[in-house]
Amino acid sequence: MRRRWLAAAVVVAALLLALAIQLPASLAPRLLSSQVPPLALSGVSGSLWQGRAVQTSWDRWPAGAVRWRVAIPPLLALRTRLELELEGPPLRGQLVLQRNLDGTLFVSGAQITLPALWLQQIINQPALRLAGTVDLKIDRAMVDSEGWLVALDGSARWRDAVVSVDQRS
């Protein structure tokens, strides 16, 4: 009798795993909207584990196309590891995100190229105008569960930099 229960449990687990592997990428926007409200995805294809969005935006700022892959082994340790490839425009590059069970977020291996104009949303100074291209390299960053940056190791290079101030604002 015990063997039958064990066999039934293995079959049910295999079916659940097969269903989970086939989850469509179209679930990603709904899952992320509650976790990361400023992020929006559209034109989503593939699976939840390996997919693509034709357009992404952050707080209504277009960020371009993105590909993702969820690494399965960290899930067994209750960690989410997401490998992203930013296909632009305007953001281009790659990075790895890992979120632990306690909500801590780690960024590693990030190499991102973006227009300086895209940084204006972060600075939030209407009179300030930025131009040029920024190359970011983030070797390691850590954001705590409250959203505070607690560690950052990397570099930035601003090519063809232009800063101007609109006197009318």
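Which residue in β6 is the bridge partner of Val96? In this predicted model, that partner is Ser108.

**View 1. Pairing of strands β5 and β6.** Strand β5 comprises residues 92-99, and strand β6 comprises residues 105-115. The two strands pair in the antiparallel sense, with seven bridges between them. One of the residue pairs to inspect here is Val96 with its bridge partner Ser108 in β6. Five residues lie between the strands of this hairpin, and Gly103 adopts a positive phi near 95 degrees.

**View 2. Pairing of strands β6 and β7.** Strands β6 and β7 run antiparallel and are joined by ten bridges. Leu105 has Val143 as its bridge partner in β7. Strand β7 spans residues 128-143.

**View 3. Surroundings of Asp135 in strand β7.** Asp135 counts as buried because its relative accessibility is 17%, under the 20% limit for that class. The side chains of Asp135 and Arg159 are joined by a polar contact of 2.7 Å. Leaving aside residues up to four places away in sequence, Asp135 touches Ile112, Thr113, Ser155, Ala156, Arg157 and Arg159. Arg159 thus appears both in this contact list and as the partner in the polar contact.

**View 4. The largest pocket and its lining.** The largest pocket holds about 2000 Å³ of space. Its lining consists of 50 residues, of which Val36, Trp58, Leu84, Leu97 and Leu105 are the closest to the pocket centre. By class, 36 nonpolar, ten polar and four charged residues make up the lining. Leu105, listed among those closest to the centre, is also the bridge partner of Val143 in β7.

Methods. Residues numbered from 1 in each chain as written. Predicted model: local features only at pLDDT ≥ 70, side-chain atom pairs only at ≥ 80, totals over all residues. Heavy atoms only, no water. 1 Å grid on protein atoms, 1.4 Å probe; cavity = no way out; pocket = protein on both sides within 12 Å on 5 of 7 lines; lining within 4 Å. Points joined across faces, edges and corners; volume = space filled by probe spheres on them. Nonpolar A, V, L, I, M, F, W, Y, C, P; charged D, E, K, R; others polar. Helix = DSSP H or I, 4+ residues; strand = E, 2+ residues; numbered from the N terminus. Buried < 20%, exposed > 50% of the residue type's maximum accessible area, 1.4 Å probe, protein only. Polar contact = N/O pair within 3.5 Å; in protein donor to acceptor, adjacent residues only side chain to side chain. Contact = heavy atoms within 4.5 Å. Pairing = 2+ DSSP bridges.
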